[in-house]
Amino acid sequence: MRVALFITCVNDTLYPRTGQAVVTLLERLGVEVGFPEAQSCCGQPQFNTGYRHETEPLMRRYATAFRDYEYVVTPSGSCAAMVRDNYPRMGAKAAAEGRGQELANVAAEAVPKTYELTEFLTDVLKVTDVGAYYPHTVTYHPTCHGLRMLKLGDRPRSLLAAVKGLNLVELPGAEECCGFGGTFAVKNAAVSAAMGADKARNITATGAEAVCTLDNSCQLHIGGTLARQGSTVRPVHLAEILASTEGDVW
């Protein structure tokens, strides 16, 4: 099984520990992980801002970078959703514009092999108990792309439930957006901040020590808002929880 890590821009630049955690976790489960250095942005910021044609070279680069791998695993629901949901749309639009099937073929190559981390663990490796140990009270925020576009359902919860020592507490309004939304947070800063404030207050009210997310972009937004509210709740990516063992110290 040849598996590649797609690290994503936010993780690479701001949260490299998440990528390291994914590698630690997968290697513990017997998976050989590669990291093709030709990988770049999936094109989500450009596409979501309306620059579809400018996104196309990144779509081609993605397919080329991961061509030699059977699976591509990413610790980001939003970037996985970009590939799985929007690449086919881009291919169809290019064909409708009379530019042939080239982009549709690129999408057909990239989409089936791309998995968000929890999907890969539960659907491909068929595991929920990954041997993790995390002796803390945690609440879980299901990020929008994973929840609504990838339909991850209970996959993340099943993984958290199997972590030794972890006490999972419910988050009020869990399915409400945290307010980040990529460029939405820039274009609609006041609305984004208000949504983030509501989410942060709900998180703090749970009494949890940590809030778990599947996307570090959401973690960035939530973490900053929690800090401004003076909360001591720690934002943490699911990969870091699943990579933790009894020898690790928080």
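**Close-up 1. The lining of the largest cavity in this predicted model combines five nonpolar residues with two polar and one charged.** The residues that form this lining are F6, Q39, S40, C41, L58, R61, Y62 and F66. The volume of the largest cavity is about 30 Å³, and the count of cavities of 30 Å³ or more comes to one. As background to this view and the next, rolling a probe the size of a water molecule over the atoms shows where empty space is left.

**Close-up 2. The largest pocket has a volume of about 500 Å³.** Its lining is made up of 27 residues, and those closest to the centre of the pocket are Q44, S78, F180, G182 and S217. By residue type, the lining of the largest pocket divides into twelve nonpolar, 14 polar and one charged. Several helices take part in this lining, with at least two residues supplied by each of α1 (9–14), α3 (44–48), α5 (77–96), α8 (144–149) and α12.

**Close-up 3. Strands β7 and β8 pair in the parallel sense.** Strand β7 covers residues 210–213 and strand β8 covers residues 234–237, and the pairing between the two runs over four bridges. Within this pair, A210 stands opposite R234, which belongs to β8. To pass from β7 to β8 the chain goes through helix α12 (residues 216–228), and the β-α-β crossover made in this way is right-handed. Helix α12 also appears in the previous view, where it is among the helices that each supply at least two residues of the lining of the largest pocket.

**Close-up 4. R2 is found in strand β1, which spans residues 2–5.** With a relative accessibility of 43%, R2 counts as partly exposed, because this value falls between the limits of 20% for buried and 50% for exposed residues. Leaving out residues up to four places away in sequence, R2 touches D68, Y69, E70 and Y71. One of these partners, Y69, is 67 residues from R2 along the chain, and yet the C-alpha atoms of R2 and Y69 are separated by 5.1 Å.

**Close-up 5. E119 has its place in helix α7, which runs over residues 117–124.** The relative accessible area of E119 is 5%, so this residue counts as buried, the limit being under 20%. When its neighbours within four places in sequence are left aside, E119 is in contact with R84, V124, L150, L152 and R155. Among these contacts, V124 belongs to helix α7 as well, as the residue range of that helix shows.

**Close-up 6. T8 and K151 are two loop residues, T8 in the loop between β1 and α1 and K151 in the loop between α8 and α9 (155–161).** The phi angle of T8 is near 75°, which is a positive value in a residue other than glycine. K151 likewise has a positive phi, in this case of about 55°, although it is not a glycine. Are these residues buried or exposed? T8 is buried, because its relative accessible area is 5%, whereas K151 is exposed, with a relative accessible area of 58%. Of the two elements on either side of T8, strand β1 also holds R2, while helix α1 is one of the helices that supply at least two residues of the lining of the largest pocket.

How values were computed
Residues are numbered from 1 along each chain as its sequence is written. This is a predicted model: local features need pLDDT of at least 70, side-chain atom pairs count only at pLDDT 80 or more; totals for chains, interfaces and linings use all residues. Side-chain values use heavy atoms; hydrogens and water are left out. Buried means under 20% relative accessible area, exposed over 50%, partly exposed in between (1.4 Å probe, protein chains only). Contact means heavy atoms within 4.5 Å. Two strands pair if DSSP finds at least two bridges between them. A crossover is right-handed if, with the strands pointing away from the viewer, the path from the first strand over the helix to the second runs clockwise. On a 1 Å grid over the protein atoms alone, a cavity is a set of points where a 1.4 Å probe fits but cannot get out, and a pocket is an open set with protein on both sides within 12 Å along at least five of seven lines; lining residues have an atom within 4 Å of a point. Grid points are joined across faces, edges and corners, and a volume is the space filled by probe spheres set on the points. Ala, Val, Leu, Ile, Met, Phe, Trp, Tyr, Cys and Pro count as nonpolar, Asp, Glu, Lys and Arg as charged, and the others, Gly among them, as polar.
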